[in-house]
Amino acid sequence: MAKKKPKQAKAKAAAKKPARKAAKPAAAKKANGNGLPKPSSKPYGQAGRALDGLRILDFTHVQSGPTCTQLLAYMGADVIKVERPGAGDITRGQLRDVPNADSLYFTMLNGSKRSITIDSKHPKGMDILNRLIKTCDVLVENFAPGALDRMGLTWDYVHKLNPRMIVASVKGFGPGPYEDCKVYENVAQCAGGAASTTGFREGPPLVTGAQIGDSGTGLHLALGIVSALFQRNRTGRGQKVLCAMQDGVLNLARVKLRDQQRIEKGPLTEYSQYGEGVPFGKAVPRAGNDSGGGQPGWILKCRGWESDPDAYVYFITQAPVWQAICDVIGEPTWKTDPNYATPKARLPHLKKIFARIEDWTMTKTKFEVMEICNAVDIPVGPILSMKEIAEEPSLRKTGTVVEVDHPIRGKYLSVGNPIKLSDSISEVKRSPLLGEHTDEVLKDVLGFKANEIAEIKNSGALSAPKKEDKAA
Ligand code: CAO
């Protein structure tokens, strides 16, 4: 998709063409009937990667935006991360565990990308950005509201320079009363309905450890981008893609909006609160470890819980395997006892039932519970610690957990691509050093000669403004 040296005139001409013609991908020339290229004869996994040829101008920082562009990089896109000279993405220095090395916060969110430093507030810096805009397919950013416009990169400006450009943004909130607010993870979890529905009924709202506001919204944005690219194949033009973190969290918490509508019609019978006879209020309550679906579940202690904070298992009393559960825990009479035989009859007794199951799980390790229950199709899940996950061989084997080597910090673990494509094998490369690819991008992507690069460097466009300049 991205050309080495794009010509603005070419882009303009493409935009003027009728939509159908402009949309025709180059590969379609070789098409046979259905408008698609002939199936590749290469073995699966050797026909390049899904997003090969896609070039991304990456203005993202912290977590939400970088999650999105890292995934696109894993899928094969050339992601050029533009960073502020001297400082770079603020997370490079946050939560450092190795002195003077980029933090794990940064390295685990910026793998497989290139880094170029450009001062967007320097005229020459803006000149380089303009050139990059002309040659990239997607601009991704998650600055505070208005920051991109203040840089001069309004939608109208970018779109005029490159009508095919997709401009993708993460913001905290969509249009509305809070649209100008800066937002971090937990703010989004709270505003998106996750916090009010997480935790125990008697306690305060809780945020979850999974970064559903940041990483979750980055995932949504990646889908928006590939959808916009697909549409561009037909229309020949780019579009704006916006993911608000509040919206992303709400999308992940949709079962709770489901329950909000149900609560207006009667009690939520699958919540343990119902079985305990505690009346419901007007809004969806926190449900502790109740399962979100219709099958009651709870977290139960396993052998060793006294000293191991993760010696627990999630146990689901799925209706079709109730008989097996009764056999496993040694309560065969519960199979026919009218108080326990049907899901409805069990609802008022869930506390007692889980207490009895826990008597059994406490005699086994969480892995023994897994083994015994899975053999008879009872759905259970061990509470795995991050230590266990880091050491889990099967996750290493699939590339979900990967070890990467970094020139300054040495080896570190990262999360590889959780989305597995059979014909697009992800390669996780280490994160770039600040400005590591500045010369490479100027030369290979923008076609500058060595003397021109030296000139650009002398202008100060690629380095941190000197203190006197700042003061002036
Ligand atoms: N050269 C010069 N200036 C640069 C630059 C560059 N290469 N890159 C960025 N900047 C400047 C911007 O121009 C902007 O300056 P102005 O405010 O003067 O216009 C500033 O750096 C960007 O600031 P910011 O407001 O985005 O950053 P912040 O640290 O103050 O706020 C955050 C961070 C995350 C709260 C905010 O960016 C935000 O709300 N983003 C949207 C929501 C979001 O993604 N939140 C998730 C955060 S965690 O994943």
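How many nonpolar, polar and charged residues does the shell around the ligand have? Keep that in mind as we go, and remember that this is a predicted model.

**Stop one: the ligand and its shell.** Select the ligand and display what surrounds it: 22 residues in total. The closest are Ser64, Arg84, Ala144, Lys182 and Val183, so labelled sticks for these five are a good place to begin. Colour the shell by class and you have the reply to the opening question: nine residues are nonpolar, six are polar and seven are charged.

**Stop two: polar atoms at the ligand.** Next, select Lys121, where a polar side-chain atom sits 3.1 Å from a ligand oxygen atom. Move on to Asp214; here too a polar side-chain atom lies by an oxygen atom of the ligand, at 3.0 Å. For Asn142, turn on the backbone, since one of its polar backbone atoms is 2.9 Å from a nitrogen atom of the ligand. Now switch to a surface view: of the 950 Å² of accessible area that the ligand has on its own, the protein covers 85%.

**Stop three: a pair of helices.** Leave the ligand and select residues 322-329, helix α13, together with residues 350-361, helix α15. The two pack with their axes 9 Å apart and at an angle of about 50 degrees, which means α13 is oblique to α15. Show side chains where they meet: α13 brings Trp322, Ile325, Val328 and Ile329, and α15 brings Ile353, Arg356, Ile357 and Trp360. By class, this contact has seven nonpolar residues, one charged residue and no polar ones.

Methods
Residues numbered from 1 in each chain as written. Predicted model: local features only at pLDDT ≥ 70, side-chain atom pairs only at ≥ 80, totals over all residues. Heavy atoms only, no water. Near = heavy atom within 4 Å. Polar contact = N/O pair within 3.5 Å; in protein donor to acceptor, adjacent residues only side chain to side chain. Areas by Shrake-Rupley, 256 points an atom, 1.4 Å probe, with all protein chains shown as cover. Nonpolar A, V, L, I, M, F, W, Y, C, P; charged D, E, K, R; others polar. Axes fitted to C-alpha atoms, helices over the stretch in contact; angles between N-to-C directions. Helix = DSSP H or I, 4+ residues; strand = E, 2+ residues; numbered from the N terminus. Parallel < 35°, antiparallel > 145°, perpendicular 65-115°, else oblique. Contact = heavy atoms within 4.5 Å.
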